[in-house]
Amino acid sequence: MPAQQGFEAFYEGAFRRLVGQLLVVTGDLAEAEDVVQEAFARASGRWASLQGYDVPEAWVRRVALNLAASGLRRRRSRLVALLRLGPPPLVPAVSAETAAVAAALRTLPVAQRQVVVLHHLLDLPVEQVARELRLPVGTVKSRLARARRALAEHLEEPPDEEAVPHHA
Amino acid sequence: MPELREQLVELAEAGAREARVPGADAAVRRGRRRRRQLMAATVLGVLVLAGGVVAIDRWAGGWGGYGPPTGGRPRPSATTLQPIDPARMFWGPESPKPAGPLRQMAEGTFKGRHWAFYLFRGRAAPPDPPGERWCNALVDWRPDGRLAGWNVGCGLEQELRRGRELTWHLDEPVENRMFVYHGTVTRQAARIRFQIGDQPPFEARIVDLGAQFPYNWYVAVFSPRGGTRTMLDRNIPKTATVLDASGRVICTSGSEPDRCG
């Protein structure tokens with residue numbers, strides 16, 4: 001069936017890329033795989049119309065970003081005030097600097113992670129980020145500014161004690 | 001932030017590289033399963049709703065055969081309305097019992113349903129202090145004329161003692177998308193304008209209660225965008241403005257001193 005083949009090709013071409021992007025938002029590879037698979041599951045039911053889109057991948061990404069946001073919110077409310085005993089998030093092997101960035105990203109609200117992915121990873125201009133997330137441009141700008149500030153604070157190296165001038 | 005971008009790219013590429021790919025077939029199957037679940041939930045919801053409507057129909061339909069609503073103007077439709085019986089309608093230990101006839105203040109139709117507003121002297125039920133007081137009742141009928149439900153309130157005199165130019169209540173008839181603002185208003189009022197959020201303003205109908213009352217009554221029937229009680233309860237600004245015959249503002253809700261609402 002040609003339509004089915006078209007969906008398979010789209011899936012094969014975009015799945016891994018989207019998992020990589022969603023990993024930045026979720027901070028957990030298994031969670032990223034799950035939300036992307038769910039977004040593709042939803043896309044499969046409307047592939048007839050989606051295949052006519054200029055960039056069907058953008059639709060799947062938006063659904064996955066929304067699912068990631070709601071999943072994180074749900075988990076946070078469930079786990080609030082509870083000691084987390086489960087396994088640590090599954091993160092692929094990366095350099096120490098990138099692991100530090102991944103850890104810093106996990107401290108940001110999910111809404112800020114979404115704009116970071118779209119703007120800093122995918123290089124989308126602010127206006128397009130706003131369109132993709134259906135947000136006002138000002139909201140995107142302020143989320144980006146807050147995210148950058150928070151990341152800078154988290155990634156700032158502790159000052160070298162010997163380099164600190166001593167005053168008598 | 002070029003370094004940030006490089007590290008994000010590294011993280012995303014590592015994620016893409018190590019991702020397990022369940023396959024397009026698995027996504028299609030998951031989509032089908034999800035759609036089946038959604039459909040089952042929808043069917044279940046419709047069945048529950050239909051069951052509820054049937055139950056309410058039976059409950060409301062049980063009060064029949066006690067004389068039609070009295071007074072007021074002729075109804076715009078020829079539908080025969082199920083008669084009401086105040087003595088049996090306002091049941092329950094905490095409901096006020098009518099101590100006199102119901103005076104019909106206003107009636108109308110909205111989205112094919114008939115409604116009427118009544119004023120009556122009610123005998124208080126515990127825990128309210130004993131004695132008679134003025135009560136109001138909003139009654140509504142379904143499009144086929146069967147009685148749908150009623151809302152009763154008796155807090156009128158208590159509110160009037162607070163010296164308001166306008167008292168403001170919201171009623172929501174059962175199983176309807178219609179909402180009603182009603183209450184007392186100063187006899188100097190010629191118009192009352194309501195505004196909910198950014199929706200177009202709408203005006204109330206003022207009912208002259210006659211010289212025996214120190215105030216008049218108003219009724220405003222409306223259907224807000226969204227049409228739910230939740231929508232009205234959200235933090236959406238709602239204002240009421242009372243104007244006299246010359247168009248001068250008597251009071252606006254939320255203003256200081258708050259004499260309006």
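**Group meeting: a two-chain predicted model**

Let me begin with one pair of residues in chain B, where I206(B) has Y218(B) as its bridge partner in β11(B). I should say at once that what we are looking at is a predicted model. The strands behind that pair are β10(B) and β11(B), the latter covering residues 216–222, and they pair in the antiparallel sense over three bridges. Stepping back, these two belong to an open sheet of four strands in chain B, ordered β6-β7-β11-β10, with antiparallel pairing. Its edges are β6 (169–171) and β10 (205–207) of chain B, each of which pairs on one side only. If direction is ignored, neighbouring strands in this sheet are turned against each other by 25° on average.

Now to chain A, whose secondary structure comes to eight helices and zero strands. Of its 168 residues, 34% count as buried. Among the contacts in chain A with a separation of 6 or more, 66% are between residues 24 or more positions apart.

One helix pair deserves a closer look, namely α6(A) and α8(A), whose axes come within 9 Å and cross at roughly 95°. Angles of 65 to 115 degrees count as roughly perpendicular, and therefore α6(A) is roughly perpendicular to α8(A). On the α6(A) side the residues that meet the partner helix are A111(A), Q112(A), V115(A), V116(A) and H119(A), while α8(A) contributes V140(A), R143(A), L144(A), R146(A) and A147(A). By class, the residues of this contact divide into six nonpolar, two polar and two charged.

How do the chains meet? In this model, 33 residues of chain A are in contact with 26 residues of chain B. On the chain A side, the elements giving two or more residues are α1, α2, α5, α6 and α8. The most comes from α1(A), with 12 residues. Sorted by class, the chain A side has 17 nonpolar, eight polar and eight charged residues.

That brings me to the nonpolar cores, the largest of which has 42 residues, with L22(A), V36(A), F40(A) and A64(A) having the most contacts inside it. Both chains contribute to this core: the elements that each supply at least two residues include α1 (2–26) and α2 (29–45) of chain A, and α1 (2–18) and α2 (24–61) of chain B. Its largest share, 10 residues, comes from α1(A). Taking F40(A) as an example, and leaving aside its neighbours within four places in sequence, we find this residue in contact with Y11(A), F15(A), V60(A) and A27(B). Apart from this core lies another, of 39 residues, among them V139(B), L166(B), W168(B) and W217(B).

Finally, two backbone details in chain A. Most residues other than glycine have a negative phi, and against that background two loop residues may be worth a look. D123(A), in the loop between α6 and α7 (126–133) of chain A, has a phi near 65°. R134(A), in the loop between α7 and α8 of chain A, has a phi near 55°. Are these two buried or exposed? A residue is exposed if 12 or fewer other C-beta atoms lie within 10 Å of its own. D123(A) counts as exposed because it has 9 C-beta neighbours inside 10 Å, and R134(A) counts as exposed because it has 8.

Methods
Residues numbered from 1 in each chain as written. Chains lettered and ligands numbered in written order. Predicted model: local features only at pLDDT ≥ 70, side-chain atom pairs only at ≥ 80, totals over all residues. Core = buried A, V, L, I, M, F, W, Y, C linked by C-beta atoms within 7 Å. Buried ≥ 20, exposed ≤ 12 C-beta atoms within 10 Å, placed from the backbone. Contact = placed C-beta atoms within 7 Å. Axes fitted to C-alpha atoms, helices over the stretch in contact; angles between N-to-C directions. Parallel < 35°, antiparallel > 145°, perpendicular 65-115°, else oblique. Nonpolar A, V, L, I, M, F, W, Y, C, P; charged D, E, K, R; others polar. Pairing = 2+ DSSP bridges.
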